[in-house]
Amino acid sequence: MKVLIRRVILVVVGLFIFMSACIVHPPAHWTLATTALYISAIIGYCGIVLLLVMYSLGTRAVHGLYSDSPHTVLAVHKWLGIYVPILIFIHPILVTIQYGESLFYSVWPQTSSVFEWYVTFGRIALWVLGGTWLISAFLRGKIAYRPWKYLHYGAYVIAPLALLHVVGNGSNFIQHVSTKIFFFSIVIGFIGFSLLRLRTLLNVDSTSYQILEQSMVAHATYKLIVKTDGQALRVKPGQYIYLKTGILSEEHPFSVAYSDGQKLTFLYRRVGRFTTTLSKLPIGSKLSLSPAYGTFTQEAETSTEPIIYIAGGIGCTPFLERLISRQRPPSALIYCNRSPQTTAELPHLRTALGRRLIELYSEHAPPGTESGNFSSSILTQYFEAPSTYRYFVCGPAGFMEHVGSTLAAVGIPRSHISYESFEF
Ligand SMILES: Cc1cc2nc3c(=O)[nH]c(=O)nc-3n(C[C@H](O)[C@H](O)[C@H](O)COP(=O)(O)OP(=O)(O)OC[C@H]3O[C@@H](n4cnc5c(N)ncnc54)[C@H](O)[C@@H]3O)c2cc1C
């Protein structure tokens, strides 16, 4: 699937390069300088179009319209985020060759003339692009989620600055109507993108729910039940929803544990600023809920193979509805936690699954449960032919890596395993 999507993206990217090449008029005389300018213009237009593609892939407000699988879309966004800037960086290098200037010219702001002002818009766009690229492609794992996210928002100024840069410096834009038409199609695309973004920011696409119940059900783990009096959201088991506590609030994704008509139940762990605020909200508080996203566990509906769900901590939430309310096809849960005190929904799961619940505790394992981390011996001890099962795995990134390598070592084909990460 991933390979197929990458191929499709490559075809689309190729098409954009072709279109950019078509609207840039070739030079009357081919010299090193005119060739450099010609190629740089193609790369410039292509880069702006690709920036728009990346904006739309990276924004729920847009990709939510055509995909309910943000994990896949965001994977493509990340992949483009690594390679597109490299392509765009070639643009100033070629322009500098054409002008016969030093590379310093392309990056150092100058405002000595109107022309230089427009070049400077491009220079600032380049600075922001370079910074965003460094932060996202190389430093993402080294900085916390929130600073990364806010710095990443800086990328939104790149396209408007690049478009302004074209208005003042794009010789093709200034001289040819066809280039102007292409340019204004990009501007319309950007305005459309911004309106969709604004629609989500102002909660226009969300549904208002009210907190009906909220209680701590395990160590730092809360059960939140919300209800709407309006049109209830349509949620399939395994899907997740973005919660906002107000217009200006951040939005955070949470899997729906159970959905029952007008009511939705979430289970969440208090880990940082948003979940702490959420845990303090009194009964009756209003929350804005996005539409439901994701396709995780949906293969379970049609699977003819028995299923093993493997959850690390609060990673059990996408499985609960299927395990407790549906139970078809036959399934088991390997539930990995530190101790029973940190484990959510234990009484319900024990009642619903009986011996098909394998409790695995890394710190305090009471009698009748397993102690330690997930391992191949747990699998072979409880299941006769592990490779005949379908697997769904959810939990922290490190846990999923460990489970993935253990399943591979036992000989489970990759096509039999689905993962959902609680991080984007
Ligand atoms: C698809 C999905 C489903 C999830 N379902 C659940 C669930 O059912 N129960 C549960 O307890 N947690 C769930 N999470 C994780 C939950 O979104 C984060 O724990 C929460 O956003 C943390 O916010 P914070 O401000 O409290 O903590 P922070 O300290 O700010 O964040 C802790 C970690 O959570 C992740 N995170 C933070 N904000 C976001 C965001 N806006 N979008 C994506 N990841 C973020 C980052 O990896 C960060 O390092 C889910 C995450 C995803 C992606």
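This is a short tutorial dialogue on reading the predicted model shown above.

User: Let's start with the overview. How many helices and strands are there in the protein chain?

Analyst: Happy to begin there. The protein chain has 15 helices and 13 strands. Along the principal axes, its C-alpha atoms fill a box of roughly 80 × 50 × 35 Å. Of its 424 residues, 33% count as buried. Please keep in mind that this is a predicted model.

User: What share of the contacts between residues at least 6 apart in sequence join residues at least 24 apart?

Analyst: The figure is 67% for the protein chain.

User: Now a helix. Which way do residues three or four places apart point in an α-helix?

Analyst: They point the same way, because an α-helix has 3.6 residues a turn. A good case to look at here is α4, residues 70–99. This helix has 30 residues and spans 43 Å from first C-alpha to last, close to the 44 Å expected at 1.5 Å a residue.

User: Where does the kink in α4 lie?

Analyst: Look at Gly 81, where α4 has a kink of about 30 degrees. The proline Pro 85 comes shortly after that point. Just past the helix you will find Gly 100, with a positive phi near 70 degrees.

User: Next, sheets. How do strands of a sheet pair?

Analyst: They pair through backbone hydrogen bonds, and the pairing is either parallel or antiparallel. For the parallel kind, take the open sheet of six strands with the order β11-β10-β9-β8-β12-β13. Its edge strands are β11 (370–371) and β13 (417–421), each of which pairs on one side only.

User: Which residues stand opposite each other within that sheet, say from β8 to β9?

Analyst: Ala 311 stands opposite Tyr 335 in β9, and six bridges in all join the parallel strands β8 and β9. Moving on from β9, Tyr 335 has Glu 359 as its bridge partner in β10. Strands β9 (residues 331–337) and β10 (residues 357–361) pair in parallel over five bridges. On to β12 (residues 390–395), which β8 also meets in the parallel sense over five bridges; there, Phe 392 is the bridge partner of Tyr 309.

User: Why is β8 described as largely enclosed by the rest of the structure?

Analyst: Six of the six residues of β8 (residues 307–312) are buried, so the strand is largely enclosed by the rest of the structure. Burial holds for both faces: Ile 307, Tyr 309 and Ala 311 point one way, Ile 308, Ile 310 and Gly 312 the other way, and all are buried.

User: What does Phe 374 touch, leaving out residues up to four places away in sequence?

Analyst: Phe 374 touches Ile 310, Ile 334, Cys 336, Leu 360, His 402, Val 403 and Thr 406. This phenylalanine sits in the loop between β11 and α14 (376–382). Phe 374 counts as buried because it has 22 C-beta neighbours inside 10 Å, where the cut-off is 20 or more. Gly 312 lies 62 residues away along the chain, with 9.3 Å between the two C-alpha atoms.

User: Is Phe 422 buried or exposed?

Analyst: Phe 422 is buried, with 22 other C-beta atoms within 10 Å. It lies in the segment after β13. Beyond its neighbours within four places in sequence, Phe 422 is in contact with Gly 315 and Pro 396.

User: Where can I see antiparallel pairing, for instance with β2?

Analyst: Strand β2 (residues 221–227) runs antiparallel to β6, and seven bridges join them. Within this pair, Lys 223 is partnered with Leu 267 in β6. Strand β5 (residues 258–260) is also antiparallel to β6, over three bridges, with Asp 260 opposite Lys 263. β5 and β6 form a hairpin with two residues between them, and Gly 261 in the turn has a positive phi of about 55 degrees.

User: Finally, the ligand. How many residues surround the ligand, and which are the closest?

Analyst: There are 20, and the closest are Tyr 268, Gly 272, Phe 274, Thr 275 and Thr 317. By class, the shell has 11 nonpolar, five polar and four charged residues. At least two residues come from each of α7 (145–153), β4 (252–255), β6 (263–269) and α11 (273–279). β4 gives the most, with four residues.

Conventions: Residues are numbered from 1 along each chain as its sequence is written. This is a predicted model: local features need pLDDT of at least 70, side-chain atom pairs count only at pLDDT 80 or more; totals for chains, interfaces and linings use all residues. A residue is buried if 20 or more other C-beta atoms lie within 10 Å of its own, exposed if 12 or fewer, and partly exposed in between; C-beta atoms are placed from the backbone. Two residues are in contact if their C-beta atoms, placed from the backbone, lie within 7 Å. A residue is near a molecule or strand if its C-beta atom, placed from the backbone, lies within 6 Å of it. Ala, Val, Leu, Ile, Met, Phe, Trp, Tyr, Cys and Pro count as nonpolar, Asp, Glu, Lys and Arg as charged, and the others, Gly among them, as polar. Two strands pair if DSSP finds at least two bridges between them. The expected span of a helix is 1.5 Å times one less than its number of residues. The bend at a residue is the angle between axes fitted to the seven residues ending there and the seven starting there.
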